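User: I would like to go through this protein chain by question and answer. Please keep to what can be computed from the atoms.

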Amino acid sequence: MVQCPDRIIASIDTGVDDALALAYLLGSTDECELGGVIASYGNVDANTAYANTCAVLDLFGRADIPVFLGSEHPSWADAFIPDAGCAQFHGDDGLGNTRLAGSGALADGACVPGDDMSGDDMSGDDMSGDDMSGDDMSVDVPDEVVSVGGYLAGDVHAHPALGACSRVNRSRSVGHPQSTMPTALASGGKRRCSVDAADGIEYLIEQVREFGRDVTVLATGPLTDVDAAITRAPDIASKLRLVMMGGTLTQPGNCWDAVAETNIIQDPEAANRVFHSGADITMVGLDVTHQCLLPQSAADRWRATGTKRGRFLADLADFSIKANLEADPALFSGGMPLHDPLAAAVALDSSLVDCFDLALRAETNTGDFNGVRGRTTGDPVGLVNHSMPHVHVALGVDSERFLDEFVERMAEVCR
């Protein structure tokens, strides 16, 4: 019998599949305790991820689970703008345009940490379209480095999501404690802000120090949160168990260059540092997630429950199935890839995947003798230095067992 971790801490950039992963964990209370969620940038900006996370947890009756604000931008940049490609696969609101967290990017009346530092000075009519890439895009922070979905603002691949530039997150560095950063807590079934709580990075550090490898950190977005925690508290690296969704070893990537994977391209420097940190890491990448496709029949089953939860999950699946089919009819004719839900399932049951252990690195530069930025590959130094940290890279998956369990568990949580 597989021994499951007692406790899970999730670092997520709550988009469509992140929300499905959250719902799956909430339906797995016999196997794990979701101790807290750190909402960070990635598919959407960090504030929207925060609002989306709170909305999903509240929908499923778990307002008791604390939500923290994590990284608002990559470690290599001072500001972050969501990418149009992410909006294509997750919707303008990150949740398949379901507007669960409100009519706009943020929940109506939501208590969002750092909202007074959202960078409204960067809004302007010339920044509102999704055709603003390359030299046509001007960002009103001349002394700062801006990431547009993992690319420099002036890069030809930098395509901001529609309207995203008005909410550039550049409020703070994740490298220093923010002891007064609010955290969402439950109070009478509704979320309120507590100004006494530590920020998400500090929370992650505290959890690993307290529980060691009895807590699993599940990262379904960029690895900036994890990297920031290790940088701030190097002593946690040897105690850290991490299951991450991201990267690809044997398959093409899903970014513009068809080499890098989205979560890695957002912050390759952070990923590379985490890979070499000595933590116990399982990488659940495109090698296995592209083998786990959710069919339309699953969405229809959830919708048939007639509940608000069922309709929400079905709407998420419908949106993603359509978006993926339009993007690649050959690869996704069977449904949407369950990227983040598979990583969540592996955090509970490692026997779902077969792993190949190797010294891993994320390329941080593009060019001759450097490779392609964002690519995950074996670190050649590991061939001669066998003491280098190794990562468990998932290359095989019991997709049938996972899909059956996932669809069934989600049907139960709909009720």
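The turns below cover salt bridges, strands, one arginine and a surface patch.

Analyst: This is a predicted model, in which local features need pLDDT of at least 70 and side-chain atom pairs count only at pLDDT 80 or more, while totals for chains, interfaces and linings use all residues. Residues are numbered from 1 along each chain as its sequence is written, and side-chain values use heavy atoms, with hydrogens and water left out.

User: How many salt bridges does the count come to?

Analyst: A salt bridge here is a side-chain nitrogen of Lys or Arg within 4 Å of a carboxyl oxygen of Asp or Glu. Asp349, Asp398, Arg401 and Glu405 are linked in a network of such bridges. By this rule the count comes to 18.

User: With which residue does Glu31 form a salt bridge?

Analyst: Helices (H or I, at least four residues) and strands (E, at least two) are DSSP runs, numbered from the N terminus. The closest N and O atoms of the Glu31 pair are 2.7 Å apart, and the partner of Glu31 is Arg409. Glu31 lies in the loop between helix H1 (16–26) and strand E2 (33–39) and its partner in helix H12 (residues 399–414), so the pair ties together parts that are 378 residues apart in sequence. The residue asked for is Arg409.

User: Is Arg409 buried or exposed?

Analyst: Buried means under 20% relative accessible area, exposed over 50%, and partly exposed in between (1.4 Å probe, protein chains only). Glu31 is partly exposed at 27%. Arg409 has a relative accessible area of 16%, so Arg409 is buried.

User: What is the N to O value for the salt bridge of Asp318 and Arg303?

Analyst: Asp318 is in helix H10 and Arg303 in helix H9, 15 residues apart, so this pair links distant parts of the chain. Helix H10 covers residues 308–327, and Asp318 is partly exposed with a relative accessible area of 24%. The side chains of Asp318 and Arg303 meet at 2.5 Å.

User: Which residues is Asp318 in contact with, leaving aside its neighbours within four places in sequence?

Analyst: Contact means heavy atoms within 4.5 Å. Asp318 and Ala299 are 19 residues apart in sequence, yet 6.7 Å apart in space, C-alpha to C-alpha. With the neighbours left aside, the contacts of Asp318 are Gln296, Ala299 and Arg303.

User: Which aspartate forms a salt bridge with Arg303 at 3.0 Å?

Analyst: Arg303 lies in helix H9 (residues 296–303) and the aspartate in helix H10, so the pair ties together parts that are twelve residues apart in sequence. Arg303 is partly exposed, with a relative accessible area of 32%. The aspartate is partly exposed too, at 31%. The residue is Asp315.

User: What is the order of the strands in the open sheet of three?

Analyst: Two strands pair if DSSP finds at least two bridges between them. Strand E5 (residues 146–148) and E6 pair in the antiparallel sense over two bridges, with Ser147 opposite Leu152 in E6. The pairing in the sheet is mixed, and the order is E4-E5-E6. Each edge strand pairs on one side only: strand E4 (79–81) and strand E6 (151–152).

User: Which residue of E2 is the bridge partner of Ile9?

Analyst: Strand E1 (residues 7–12) and E2 pair in the parallel sense over six bridges. E2 is mostly covered, with six of its seven residues buried. The bridge partner of Ile9 in E2 is Gly36.

User: Which side chain is joined to that of Arg373 by a polar contact of 2.7 Å?

Analyst: A polar contact is a pair of N or O atoms within 3.5 Å; within protein, one must be able to donate a hydrogen and the other to accept it, and residues adjacent in sequence count only if both atoms are side-chain atoms. Arg373 is found in the loop between strand E15 (360–362) and E16, and is buried at 18% relative accessible area. Not counting residues up to four places away in sequence, Arg373 touches ten residues' worth of neighbours including Trp76, Asp257 and Pro268. The polar contact is with Glu269.User: How much accessible area do Val381, Leu383 and Val384 have together?

Analyst: Patches are made of residues with over 30% relative accessible area and no salt bridge, where like charges are joined within 9 Å and nonpolar side chains (Val, Leu, Ile, Met, Phe, Trp, Tyr) within 5 Å. Accessible areas come from the Shrake-Rupley method with a 1.4 Å probe; for residues, only the protein chains shown count as cover. Val381 is found in the loop between strand E16 (376–378) and strand E17 (391–397), and is partly exposed at 43%. Together the residues of this nonpolar surface patch, Val381, Leu383 and Val384, have about 330 Å².
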